[in-house]
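Biologist: Could you pick one part of this model and take me through it closely, strand by strand and residue by residue? I would also like to see how that part sits among its surroundings.

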Amino acid sequence: MATDLRISNISKIYPGCIANDNVSLQFKSGKIYALLGENGAGKSTLVKILSGVISPDNGEVFLNEKNLKLSSPLDAKKNKIGMVFQHFNLFETLSVFENLSIDATEDNKSLRLRINEILKKYNFSIDLDVPVLNLSAGQKQKVEIIRCLLRSPKVLIMDEPTSVLTEQETEELFISLKKFCDEGILIIYITHKLKEVLSLCDEVAVMRKGKVVSVSQTQNERVETLANKMVGQKLAKIKKKINISKNKDEIFKVKHLNFYSDDPFETNLVNLNFSVKKGECLGIAGISGNGQNELFQILSGEIITPDTSIIFRNKEIAKLNPKQRREYLMAFSPEDRISQAAVPELKIYENVALNNFKSSNFFEKGLVNEKKIKEHSKKILSDFSVNTDNVELKSQFLSGGNLQKLILGRELITAPELLICYNPTWGLDVGAINYIHETLIKINDQEKSTILISTDTEELLKLSDRIAVIYKGKLSKIMPSVEVTPEKLGVLMGGGSID
Amino acid sequence: MSLDISFIGILIGSIMASSVPLILAASGELITERSGVLNLGVEGMMIIGAISGFALMVITDNLFIAIVGSMLSGVIISLIFGFLTQSLLTNHVATGLALTIFGIGLSAMLGKNFVGIPGKEFPILFSSLKESIPFFGPILFGHSIVLYFAFALPFLTNYFLKKTKLGLVVRAVGDSPVSASNQGINVILVRYCCILYGGAMCGLAGAYLSLIYTPQWIENMTAGRGWIALALVVFATWSPIKVLIGALIFGGITILQLHMQAIGFRIPVQFLSALPYLMTIIVLVVISRDSRKIKLNTPTSLGRIFYKEK
């Protein structure tokens with residue numbers, strides 16, 4: 001039976017921001033629809049409304065011309081609207097089967113039978129009796145999909161599904177989605193990745209600042225046209241001159257890095273050895289959860305591991321804490337901007353002061369030198385084009401992109417010799433990503449080095465001079481980035497071998 | 001030494017009796033915590049249960065009403081906690097502490113007229129078997145119905161959490177309230193129910209003290225047992241069976257060290273008094289070493305306030 005989903009004049013207003021402004025769209029089964037937009041464009045609000053998590057201030061949703069009242073997630077479920085959230089809605093400590101059985105109406109035996117049928121039909125391989133926290137991101141997503149399929153949905157909404165997947169897992173996902181589509185399920189695919197829209201979807205609706213700005217057939221679109229619609233302006237292309245000179249000094253050298261943890265949420269690292277040359281960017285690829293967190297914390301000095309040797313500018317720094325490492329001109333930009341890099345409740349200048357050096361004189365005789373810190377902060381805000389000049393603003397009111405600019409600015413204003421960053425553009429929109437990438441390239445141009453730990457393959461290929469892949473705590477051999485393709489990276493990130 | 005076999009039987013029987021309030025309160029609190037709510041008001045709810053049970057017994061002269069009433073009073077006082085933390089979104093820790101202070105004060109006030117009144121004998125089951133079978137008699141028989149219930153409770157709790165749909169829902173809410181809410185589970189309702197159940201069990205634990213264990217009302221008669229119950233839940237890493245083991249060890253060493261003091265061992269009394277606390281912690285830490293299992297049993301959202309998106 002054909003499905004027809006229509007949303008009409010949906011509006012949702014939050015204090016200080018119009019998340020959805022009179023959004024009307026129509027979807028029909030048999031096609032895959034893309035909902036494209038930057039962060040904050042209102043895509044997530046719209047899908048939360050469709051899945052009943054939040055209710056709109058205005059507007060209606062029609063499924064096959066029936067007006068739906070979606071006031072709770074249960075309503076969406078009853079009306080056969082399935083939803084796979086970007087941040088998985090799974091219970092980590094429960095087993096896969098328990099996760100699936102929690103809202104089932106049938107008994108466990110027949111449920112297990114039905115799950116096995118689905119597993120077989122779509123070629124998924126998942127152990128039903130292990131706790132979800134042991135699964136990879138791709139498997140977790142499959143669990144979410146199975147949960148939707150169990151309710152034989154008419155509509156399946158996927159919210160940024162590939163942000164945690166490898167190339168191979170993405171391909172598998174696309175194959176499954178096309179299968180679902182052929183079976184008559186209406187698929188709405190939310191993303192900010194342009195290439196995915198072109199390769200997967202039939203129709204694309206672009207959202208910007210809460211409004212739908214365009215609806216079109218994907219066959220009439222190209223990456224550039226979609227990008228311009230999404231951002232609302234022309235974007236400059238950035239290209240890095242790859243640095244392949246072999247005889248430069250090694251500025252940073254890691255030997256025998258081992259890390260062992262009892263914590264099932266942490267990954268062990270096994271004998272990592274690598275070095276970074278002057279003016280070089282070393283990229284470390286991998287799917288999140290393969291040891292990047294631990295590696296970053298060891299490189300920054302948050303975790304000290306025994307028997308590891310880290311030589312930086314000809315000094316052994318393996319036993320130094322983050323502050324001491326900073327004094328030697330290292331700088332760090334962690335993945336989690338809100339909880340690791342900055343304190344959201346503190347004002348901008350206070351966050352800047354957190355990164356104090358002997359030379360910066362932020363504190364005198366135990367007292368805060370507010371004037372000096374504020375001057376210094378102002379300089380960061382203007383040098384790194386953060387869109388405010390108010391250093392008294394609480395950091396939590398900055399958008400992700402501006403907060404990241406502030407953090408990078410704070411780290412870079414001391415002219416460090418080595419910057420280690422972990423997913424610096426995670427969750428940012430295209431404009432901010434461009435700015436951060438330009439900044440990182442500039443660092444290399446000034447003969448300073450960077451280590452870029454990232455889960456974004458495209459970013460790594462764009463910025464790195466050499467690339468290695470981390471998988472289950474082991475590092476692949478380091479390859480010059482000119483020899484690396486996205487496919488090769490994908491194989492290595494999934495644990496395969498390319499030789 | 002008079003350590004003959006029947007004496008050991010009587011000793012074990014008395015150890016079991018002394019651990020009942022801990023088992024009841026800790027089992028109740030365990031369910032509350034498994035749903036992600038940290039209620040530090042256990043001591044307060046117990047003492048309220050103790051005075052309401054005793055007062056109702058004196059007023060109505062009916063033990064059944066007294067027991068049910070004590071549980072109801074636990075429910076009512078935990079409802080205050082539930083309303084504050086779940087509906088008004090107050091901090092769990094602060095609210096729980098306030099509940100304990102409130103409970104101790106209120107019980108002292110209500111209990112003024114009941115000090116010195118003798119309690120009523122609580123019926124014990126199988127009293128003839130207790131006398132006739134050596135060793136096993138005093139262990140298995142001659143207890144109140146509440147004791148049998150208390151010893152079944154950890155197993156029932158375990159079964160509830162592991163095997164039933166509702167138990168699964170409770171664990172899911174404790175793991176991730178946001179996901180649970182997005183799955184259409186009414187998180188606030190589940191947490192309310194768990195809080196009220198915890199209150200009922202704490203009320204019963206209090207009534208056991210004032211009606212059965214030492215049948216009389218003494219101000220502050222729970223004497224920190226609520227805090228021990230809270231600690232048991234954490235050190236038992238949210239496993240009902242380990243709560244039972246911990247409660248027995250605590251009860252056991254409390255009784256044994258009293259005997260040791262009476263016999264006159266040349267060990268400082270202060271050390272002996274501290275022994276139950278020390279040994280319980282050591283034993284529970286040793287049996288709960290598997291960090292993987294701890295992760296799987298720990299309610300991830302414990303103590304965190306849950307806001308529902310609107």
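Modeller: Happy to! One term comes up straight away: two strands are said to pair if DSSP finds at least two bridges between them. Please keep in mind that this is a predicted model.

My pick is a sheet in chain A. Four strands make up this open sheet, in the order E12-E11-E14-E15, and their pairing is antiparallel. Its edges are strand E12 (269–277) and strand E15 (315–316) of chain A, each of which pairs on one side only.

Let us zoom in on strand E14 of chain A, which covers residues 309–312. On one side, E14(A) is joined to strand E11 (residues 250–259) of chain A by four bridges, and the two run antiparallel. One residue pair to look up there is A:Lys255, whose bridge partner in E14(A) is A:Ser309. E14(A) also pairs with E15(A), again in the antiparallel sense, over two bridges. In this pairing, A:Phe312 has A:Lys315 of E15(A) as its bridge partner, and A:Ile311 stands opposite A:Glu316 of E15(A).

Now for the two faces of this strand. In a regular strand, side chains alternate between the two faces of the sheet. For E14(A), the covered face holds A:Ile310 and A:Phe312, while A:Ser309 and A:Ile311 make up the uncovered one. Put the faces and the bridges side by side: A:Ser309, the partner of A:Lys255, belongs to the uncovered face, whereas A:Phe312, the partner of A:Lys315, belongs to the covered face.

What joins the last two strands of this order? E14(A) and E15(A) form a hairpin with two residues between them. A:Arg313 lies in the loop between these strands, and its phi is positive, at about 50°, although A:Arg313 is not a glycine. Most residues other than glycine have a negative phi. How is this turn residue placed, then? A:Arg313 has 14 other C-beta atoms within 10 Å, so it counts as partly exposed; a buried residue would need 20 or more.

A second backbone angle of this kind is worth a look. A:Glu447 sits in the loop between H15 and strand E20 (449–453) of chain A, and its phi is near 70°, again a positive value in a residue other than glycine. A:Glu447 counts as partly exposed because it has 13 C-beta neighbours inside 10 Å. For a glycine with a positive phi, turn to A:Gly301, just after H9(A), where the value is about 95°. Helix H9 (residues 292–300) of chain A is largely enclosed by the rest of the structure, because nine of its nine residues are buried. Among them are A:Leu295, A:Phe296, A:Ile298 and A:Leu299, and also A:Gln292, A:Asn293 and A:Glu294.

Stepping back, where does the sheet belong in the chain? Chain A is divided into domain 1 (4–231), domain 2 (236–329 + 415–499) and domain 3 (344–414). The hairpin strands and the two loops just described have numbers that fall within the two stretches of domain 2. The C-alpha centres of domain 2 and domain 3 of chain A lie 25 Å apart, and 13 residues of domain 2 of chain A are in contact with 11 residues of domain 3 of chain A. Helix H10 (322–327) and helix H15 (430–445) of chain A each supply at least two residues of the domain 2 side of this contact. H15(A), the helix that precedes the loop of A:Glu447, gives the largest share of that side, four residues. By class, that side of domain 2 has eight nonpolar, two polar and three charged residues.

One last step takes us to the partner chain. The contact between the chains takes 22 residues from chain A and 17 residues from chain B. On the chain A side, helix H2 (73–78) and helix H3 (96–101) of chain A are the elements that give two or more residues, and H2(A) gives the most, with three residues. The residues on that side divide into 12 nonpolar, four polar and six charged.

Note on methods: Residues are numbered from 1 along each chain as its sequence is written. Chains are lettered from A and ligands numbered from 1 in the order in which they are written. This is a predicted model: local features need pLDDT of at least 70, side-chain atom pairs count only at pLDDT 80 or more; totals for chains, interfaces and linings use all residues. Two residues are in contact if their C-beta atoms, placed from the backbone, lie within 7 Å. Ala, Val, Leu, Ile, Met, Phe, Trp, Tyr, Cys and Pro count as nonpolar, Asp, Glu, Lys and Arg as charged, and the others, Gly among them, as polar. Domain bounds come from an automatic or database domain assignment. A residue is buried if 20 or more other C-beta atoms lie within 10 Å of its own, exposed if 12 or fewer, and partly exposed in between; C-beta atoms are placed from the backbone.
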